[in-house]
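Please look over the sequence and the model below before reading on. The paragraphs that follow go from one helix and its surroundings to the cysteines and then to some backbone angles.

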Amino acid sequence: MADRDKGPRKVTSFDVARVAGVSRAAVSRAFTPDASVSPKTREKVYQAAKELGYRVNYLARSLTNKRSDLVGLVAAGFDNPFRTLQIEYLSRALLARNFRPILLPTSQEADTSTVIGQLLHYAVSGVIVTSDAPPTEICEQCAAEGVPIVLINKGNDIPLVDRIISDDSMAGHLAASHLIDNGVRKPAVMAAPARSYTARRRSEAFIAHCKQLGVEAQFLQVRINDYRSGYDAATGLAASGVDGLFCANDYMACGVIDRLMQGRGRDEAPPLRIIGHDDIPQAAWTAYDLTTIRQPCDIQAEQTVDLLISRMAEPELTARVEFTPVTLITRRTA
């Protein structure tokens, strides 16, 4: 009766080995990616595990191996649809390589030490830090623990830390060329450069290329690269004479469009040409039909995970930077 009160006994790897007719070491190898085990033995182990309801305890395994199969994803700015898309593709890429993502939301104002503690307590095998998340202290602490790190769209140049950066220079070039080729003579760029490395680079590239084309571009500074900032900054924009606008991201461009289209017919185009950046799903919605610069999350995710895995294999490699290619997606707004 006492044993019954304790509930069912937990199935162990020894049970799986007994039912499969193999050694416990063979069970361990069968559940370890790239381990040496015959297909026949692996199938017998999997079948026994399925019958018994056995699940590998990856956290327990990490205590033995000193590293888990977990990779920390440190991210902020989840109100922006691009961040959700980015995390989805990073998670898929990690799972495809037999790693398990652990998401740690943070912000510019967050206590970074809390994030670091969570990462190190879980004995993560690596860390990916996206834009808008504070990286410096995280990088320093994780590097001291020998944890590989890759930064996405961040300007921090840190020894032994790799970076993936969207080709912001090309983005500014494409946006400027497209607007001016379509008759824009008073272009502007809207961004919060103090908050975002990528927004600053895109703005600088846009203004520089407009100048090369013989046109002076105006800079419209906002506090945050978000929907509300775009909406508020669009007040009086058309009346200012600006006839073409490049927004640092689609999220902000959607705010601009919603403000400009108030009181107008649904089928009308905005009163000025607008280009965004990222190609979030909402950009293709009929309400926006936004011309934009696509930042391909799938390619970016593969680049990131490739760098992370190679850093795991060779921790002392010189810090590397790779660029994610961008393309212009033409829709109604420009």
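Just after helix α2, glycine 21 takes a positive phi of about 75°. The model is a predicted one, and the helix that precedes this glycine, α2, covers residues 13-20. Within α2, the buried residues are Ser13, Asp15, Val16, Ala17 and Ala20, and these buried residues pack against two other helices, namely α3, which spans 24-30, and α4. The spacing of such residues can be read with a simple rule in mind: an α-helix has 3.6 residues a turn, so residues three or four places apart point the same way.

How do two packed helices come to be described? They are described by the angle between their axes and the distance between the axes. For α2 and α4, the latter made of residues 39-52, the angle is about 120° and the axes are 9 Å apart. An angle between 115 and 145 degrees is neither roughly perpendicular nor roughly antiparallel, and α2 and α4 are therefore oblique to each other. The crossing in which α2 passes α4 is right-handed. On the α2 side, the contact is made by Asp15, Val16, Val19 and Ala20, while α4 contributes Lys44, Val45, Ala48, Ala49, Glu51 and Leu52. Sorted by character, the residues of this contact comprise seven nonpolar and three charged ones, with no polar residue among them.

We turn next to the cysteines. The structure holds zero disulfides. Cysteine 142 is in no disulfide, and the nearest cysteine sulfur, which belongs to cysteine 139, is 7.3 Å away, whereas a disulfide requires the two sulfur atoms to be within 2.5 Å. Cysteine 142 counts as buried because its relative accessibility is 0%. Cysteine 254 is likewise in no disulfide, the nearest cysteine sulfur being that of cysteine 247, at 9.1 Å. With a relative accessibility of 4%, cysteine 254 also counts as buried.

Finally, we return to the backbone angle phi. Asparagine 98 has a phi near 70°, which is a positive value in a residue other than glycine, and this asparagine lies in the loop between helix α6 (81-96) and strand β2 (100-105). Is asparagine 98 buried, partly exposed or exposed? Its relative accessible area is 38%, so asparagine 98 is partly exposed. Aspartate 279, too, is a residue other than glycine with a positive phi, here near 60°, and it lies in the loop between strands β9 (273-278) and β10 (291-294). Aspartate 279 has a relative accessibility of 13% and therefore counts as buried.

Key. Residues are numbered from 1 along each chain as its sequence is written. This is a predicted model: local features need pLDDT of at least 70, side-chain atom pairs count only at pLDDT 80 or more; totals for chains, interfaces and linings use all residues. Side-chain values use heavy atoms; hydrogens and water are left out. Axes are lines fitted to C-alpha atoms, for helices over the stretch in contact, and angles run from 0 to 180 degrees between N-to-C directions. Helices (H or I, at least four residues) and strands (E, at least two) are DSSP runs, numbered from the N terminus. Angles under 35 degrees count as roughly parallel, over 145 as roughly antiparallel, 65 to 115 as roughly perpendicular and the rest as oblique. A crossing is left-handed if the near helix is turned anticlockwise from the far one by less than a right angle, and right-handed if clockwise. Contact means heavy atoms within 4.5 Å. Ala, Val, Leu, Ile, Met, Phe, Trp, Tyr, Cys and Pro count as nonpolar, Asp, Glu, Lys and Arg as charged, and the others, Gly among them, as polar. Buried means under 20% relative accessible area, exposed over 50%, partly exposed in between (1.4 Å probe, protein chains only).
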